[in-house]
Amino acid sequence: MKTNKLLIFSIFCLVFFLHSVAQKRIEPSIEDIEQATNLKEKFDKDDAIAITRSNEFVTFNFNKKSNKVTVNHNVTEDLINLDDRADIQKYYFYDGESRITDFDIFYKNKKKAYFLVIDEAYTNQGLFHNDSRVKYINIDFPLKGYKYTSVFKEEIDDIKYFTKIYFQDEYPIAYKKIEIEIPNWLEIELKEINFDGYDIKKEVVVNKKSDSKTHIFTVTNISAKYNETSTPGPTYIYPHILILSKSFTKNGQKTLLFNETKDLYNWYKSLTNQLKNDNELIKDKVTELTKDVQNDDEKVKNIYYWVQDNIRYIAFEDGIAGFKPDEATNVFTKKYGDCKGMANLTKQMLLEAGFDARLVWIGTKRIAYDYSTPSLSVDNHMICALVKDGKTTFLDATEKFNPFGEYAHRIQGKQALIENGDDFILKTVPNKNVSFNNEIINYNFTLENEDLVGNSRKEYHGERRTDFLYNISNTKNDKKEESLKKYLNHDNINLKVSNIDTSDLDNRDASLKISYDLTIKNAVSSFDNEIYVNLDFDKELASYNFKERKLDFVFSSKKMLESTTNLTIPNNYKISKLPEDILITSKNYDLSVRFSQQANIISYKKEFSIKNAVIETSDFEEWNDFNTKLNKIYNEQIILIKQ
Amino acid sequence: MKFKLLIVLLLTIISFSNAQSKQELEAKDFFWGANDAYKNANEIPDKWKGESAVIIYKNINYDYHKFAKKVKYKSSIRKRILLLDKNAVKEFSEFSFTKRFRSTRGKFSWRTRGKVFFAIKIIKPDGTEIEVNVDKEAVKSKSDYKVAISNLEVGDIIDYYYYLYEPFTSKYEYTFAAVEQTLSEEYPIMDFKLYLESENDFFINFKSLNGAPELKEIPTDKRNFRKYELNVSDIEKKDFPMWFYPLLETPSVKFQVYFARSGKFEDRTVAFLSKQEKDIKTSVSKEEVLELYKKRFRTYGNVGDIKSFLKGKTFSSNEAKVKTAYYYMRHYYLTRFMEAFYVDDANILAFPFTVYGYPVFIRNQKQFIKHFTEFLKRNKIPYEIVVGTYRYNGTIQDLLIENNVEVLVKVKTKNPLYAQFFSPHTNINQFASLLHGTDVYLLSSDNRGNITGINNGTLPNSDYKKNVSLKQVDLDISEDFTTFTVISNNKIKGYNKISEQYDRLLFTDYVYEDYAKYQTKSFTESIRKKKVRLKTTKELNALISKLKKDQIKEFETDVANEFDVSDIENYEYKLVATGRYGLDTNLEYNESFTFKNQFIKKAGPNYIIEIGKFIGGQIEMVDEQRERNVNIYMRYPRTFNYEINLKIPNGYKVAGLDKLNKNVTNTTGAFISTAKVENGFLKIQTSKQYKHNYEPKENWNLILAFLDEANQFKNEKILLKKI
């Protein structure tokens with residue numbers, strides 16, 4: 001009995017001792033704290049933690065059963081807290097083609113930290129259903145310099161889904177090593193993208209024993225991915241290795257993977273070839289839409305607009321459904337589908353109507369690559385092409401209110417892979433000039449007491465019109481008028497809008513016209529014999545200052561504005577001085593603000609043209625200078641002096 | 001053998017799945033069966049043709065059945081809706097639902113599981129009915145199922161039901177969640193029917209409010225089975241304005257159901273039950289309130305700690321003694337544990353509360369009442385227990401649901417003191433603003449702490465002159481007229497400070513204040529083991545440091561939002577006083593910051609200053625809000641004062657002072673502003689006052705008058721004119 005007690009006491013003491021020792025070993029040392037301070041100085045002030053060392057190791061195997069090349073992807077990262085305290089979430093995604101086999105966090109002393117690993121379905125607002133899942137761990141770093149090691153292991157069933165490795169992470173990395181061991185039976189091209197400006201070192205080690213080569217990439221002190229909005233897609237800005245799996249040779253037999261674009265097309269085509277395309281159910285609708293129409297364009301429009309208006313965008317990305325279109329009749333019956341489903345329905349309806357219509361794979365502007373890169377990461381969208389009289393017209397039914405023959409900015413200038421039987425055609429979606437999206441605004445004001453009273457006419461073209469029509473069509477019937485008023489008065493009670501007249505809000509082919517009367521309170525201040533007038537309540541681009549910005553600013557589409565405000569000067573008043581004009585022209589934009597006076601009318605004209613829908617970092621200095629001047633004008637008052 | 005087992009297993013599965021489909025069919029028959037009176041209801045009145053959607057029929061059912069301890073609870077809802085625009089189609093194009101779930105009611109059971117039957121059909125304009133195959137089309141999401149509705153178009157009718165079947169076992173009494181809702185909802189409703197079914201042992205409290213029809217009993221064949229219905233037609237969509245309590249004016253229903261198997265459990269149920277199950281309870285009398293609470297509010301608690309604290313202290317009055325005791329209790333029973341809460345939340349130390357041994361910890365309002373009255377009883381200080389209900393529930397005479405009761409203590413000192421269950425900053429004489437000015441019941445006790453009587457009473461209302469926020473703002477303009485330097489001193493008292501205290505005070509601001517006041521050991525000092533103490537102290541300090549940095553970032557954003565400016569720079573914040581010992585004491589803090597190129601407009605050689613913007617955002621009433629046909633309910637009367645001192649730049653004079661002198665004062669409130677130039681400063685004082693917490697709708701224009709004037713002040717400018 002006594003012995004037992006002694007034993008228990010000894011065990012208790014030992015556990016307590018080990019716990020104390022262990023505790024001591026995981027607390028940050030002076031060196032750790034110093035390291036955290038140095039890293040904090042080196043990286044962005046908002047970085048809560050840093051990765052002191054990240055080792056990413058990729059190997060490949062062959063699965064005889066599935067006849068597929070599989071991937072083992074292991075990541076080991078040493079994390080350090082740069083702040084007083086940090087609470088972060090470490091997470092990894094997986095799906096039906098992959099498994100996370102290991103995800104653990106270890107203390108500095110290599111002992112496992114038993115944080116709870118949460119595994120749940122990944123929900124994304126844009127996707128109704130997908131097979132992606134996420135495993136995550138909430139990790140707390142109680143002190144500055146506190147360290148953990150994260151170990152992650154993943155298995156991917158098919159090499160074609162393993163397309164790229166980025167060097168950067170959510171956190172800055174002091175040292176990063178990526179090792180890709182490629183067995184000699186596997187042909188892979190490692191394409192280096194966006195390496196310029198980064199000191200990425202490379203070496204290749206030949207492993208005789210395992211009959212393979214290891215490609216080793218290392219980089220030091222690489223910043224975290226930027227937390228900015230309206231940026232170019234990540235494939236444009238971050239250094240990464242694109243993994244192009246070409247072929248593998250087993251038992252003397254060579255199997256092609258995605259060696260060239262044709263292989264990629266063949267795989268896509270093999271999926272679309274599985275479609276039954278039994279169009280029985282859609283025939284009546286096609287007849288209804290085309291029967292009394294003589295003009296081919298009108299027939300196409302009727303079909304294209306019907307799909308836009310009647311098929312809701314709902315995306316299912318579950319396994320192969322992420323790549324294979326749904327049957328046209330399914331989409332037709334369900335009245336919903338994703339881009340592939342809508343493209344296929346458009347195609348089948350056009351075929352039924354006797355047109356030559358094709359499926360088109362395309363990468364939107366978020367993706368930097370074109371089809372010279374045979375990889376699943378080249379595209380993310382599907383549309384339809386009408387081939388008629390030697391001319392190809394693209395139809396994207398996901399773009400609601402998009403008129404026939406017009407293209408959304410997100411696909412303009414992008415290479416399209418068009419089906420053509422066993423072969424394919426590559427064509428580029430035409431770019432539209434900025435004037436295509438022109439927005440014309442006219443205000444005419446007179447002064448009545450301390451109010452500006454007048455009217456406004458607005459005319460929207462291109463995507464500006466499309467966006468407006470889409471938004472108003474999705475507004476509740478009983479709220480449409482109120483919403484339109486709020487839109488026109490910017491939700492500012494000083495602006496009273498009345499007598500609104502619009503062109504047909506269902507007509508996507510014509511430009512949109514809106515006219516209304518307007519009274520603006522508190523725009524005019526009278527002091528003694530002087531009247532001060534604020535002429536601008538729209539103040540476009542006022543907040544577009546890129547002082548702190550690191551990345552190009554990307555607009556959703558090209559922007560063009562022609563805004564003219566005319567103010568009639570009251571009798572017995574003359575104008576004191578007009579603000580100075582601005583005129584700037586460059587590759588990406590033309591910007592001008594002009595004031596003039598003719599008889600008793602002051603004309604204030606803004607012409608803004610963002611020609612390529614982007615302001616590049618190299619533009620920032622000039623742009624910010626323009627923005628300062630513009631805001632100065634927005635802040636200036638027109639002064640009328642009593643004569 | 002194995003084969004036999006397989007057959008048995010298969011048979012079990014088949015019979016199980018048959019049973020399932022039987023229930024499912026029952027649900028279907030219930031809503032869409034031969035007796036469905038709405039099967040062909042497809043037309044809507046002309047007046048609603050411009051709506052987004054119209055609910056042709058809405059039906060809600062609650063069924064309460066039992067067999068001994070086993071309760072079978074069913075609730076279901078059906079809606080038949082005509083979709084009139086794309087917005088409505090989008091709204092009803094996706095549904096999510098749970099198929100099976102484990103009930104959280106009654107006794108936990110691994111075996112008993114609840115089920116949900118969800119079905120949808122679409123009725124096309126030509127009358128064709130298409131039932132969605134939910135089982136086939138639903139996909140599993142995180143923890144539930146989602147279904148995208150096929151073939152849904154504008155002009156269709158969507159007809160769906162959720163049928164929840166939830167059996168559970170309750171050995172003891174069980175109270176179902178109260179239902180308190182307006183009849184109106186987002187879309188207009190042509191016909192609404194509510195059905196309740198119950199058996200003996202289920203007690204129902206039900207009340208129709210504000211013109212909603214009464215619940216009617218439908219005769220049944222069985223003596224112990226009851227059925228009730230409520231029918232309403234032609235319900236306009238809800239459109240609730242600001243400052244409105246819908247349950248007070250909009251047709252609504254309130255009800256709650258209680259399960260109590262015997263008199264013993266009826267007694268134990270904390271609810272106002274009818275004498276017999278067959279009677280629907282529609283009101284609660286004063287006597288019933290006394291009956292329910294006389295046992296439940298008997299004084300109880302270990303107040304030895306307070307006694308020790310007060311020992312040796314002398315007080316000029318009982319009032320002073322009660323105040324001292326209240327603040328001590330707030331510390332001893334709450335704020336001294338705050339560090340442990342943070343330590344626990346941040347995973348700094350496992351089981352941090354063990355550091356305190358077995359302390360008294362007050363968890364709820366009722367426990368507080370018992371404990372505090374125990375202290376009063378022992379000190380022979382007379383008191384009453386106040387039983388009230390929040391204004392948005394109606395008056396105390398309208399009381400029906402026990403959960404809507406709020407309790408506090410009225411200490412019958414020379415100037416009565418009110419004490420409510422404290423949170424970290426609650427002052428004596430501070431109680432929920434939603435009780436201000438309301439009629440209440442007062443429970444009186446004998447000197448042994450037994451509740452003996454009940455009287456009517458009224459709680460005092462609050463005064464706009466006592467709930468005051470004062471912001472003194474010193475403004476300086478840079479020589480190049482680009483930058484404002486703003487230094488502000490903020491003093492907030494009365495009910496205005498309550499939410500501000502939660503925003504402004506970090507736990508360290510008040511916990512250490514209390515430690516110093518009461519000479520209490522801090523959490524970390526209470527840790528016995530040195531190593532643990534050192535580690536915890538270090539990690540807690542790191543947490544505090546982080547929280548302080550985060551707090552400053554938040555304040556910077558707050559001040560930018562308050563003045564509607566961007567790019568605040570040089571932000572500094574200093575807390576001057578916490579305002580935690582007296583409702584009339586100020587929460588006080590200072591802020592300073594600069595911002596550029598905002599509120600200054602160049603006008604030739606002169607500058608226009610948008611001086612009105614410095615009184616912060618004002619309520620803007622748009623056209624739709626200016627018409628009002630319901631009364632106005634606010635939290636409490638209040639005053640917002642500003643004192644703005646603008647240093648006039650050398651070489652300039654101020655023009656436009658006349659517009660800064662405003663005065664709209666009426667019975668509902670006021671906006672008053674004065675401006676003068678004195679010693680090189682433009683000095684502006686503004687005061688915006690909301691005088692009452694309630695105004696009849698007839699006074700809406702009076703409220704608009706001072707709100708508009710304040711908003712107009714926000715738009716006013718002055719001219720700095722070059723001399």
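## Domains of chain B, the A–B contact and helix α11(B)

In this predicted model, chain B is divided into three parts, tabulated below with their residue ranges.

| Domain of chain B | Residues |
|---|---|
| domain 1 | 38-282 |
| domain 2 | 304-458 |
| domain 3 | 468-497 + 559-722 |

The centres of domain 1 and domain 3 of chain B, taken over C-alpha atoms, are separated by 48 Å. Between these two domains, five residues of domain 1 of chain B are in contact with seven residues of domain 3 of chain B. The domain 1 side of that contact has four nonpolar residues, no polar residues and one charged residue.

Chain A and chain B also touch: 42 residues from chain A and 45 residues from chain B take part in the contact. On the chain A side, the elements that give two or more residues are α1 (2-26), β6 (117-121), α7 (328-334), β29 (524-527) and α11 (620-635) of chain A. By type, the chain A side divides into ten nonpolar, 17 polar and 15 charged residues.

Helix α11 of chain B spans residues 497-504. Which of the residues of this helix are buried? They are K497(B), I498(B), Q501(B) and R504(B). These residues lie on the same side of α11(B), because they cover an arc of only 140° around the axis. An α-helix has 3.6 residues a turn, so residues three or four places apart point the same way. The buried residues of α11(B) pack against the strands β23 (483-492), β24 (569-577) and β25 (587-596) of chain B. S499(B), Y502(B) and D503(B), on the other side of α11(B), are exposed.

Notes
Residues are numbered from 1 along each chain as its sequence is written. Chains are lettered from A and ligands numbered from 1 in the order in which they are written. This is a predicted model: local features need pLDDT of at least 70, side-chain atom pairs count only at pLDDT 80 or more; totals for chains, interfaces and linings use all residues. Domain bounds come from an automatic or database domain assignment. Ala, Val, Leu, Ile, Met, Phe, Trp, Tyr, Cys and Pro count as nonpolar, Asp, Glu, Lys and Arg as charged, and the others, Gly among them, as polar. Helices (H or I, at least four residues) and strands (E, at least two) are DSSP runs, numbered from the N terminus. A residue is buried if 20 or more other C-beta atoms lie within 10 Å of its own, exposed if 12 or fewer, and partly exposed in between; C-beta atoms are placed from the backbone. The arc is that of the directions from the helix axis to the C-beta atoms.
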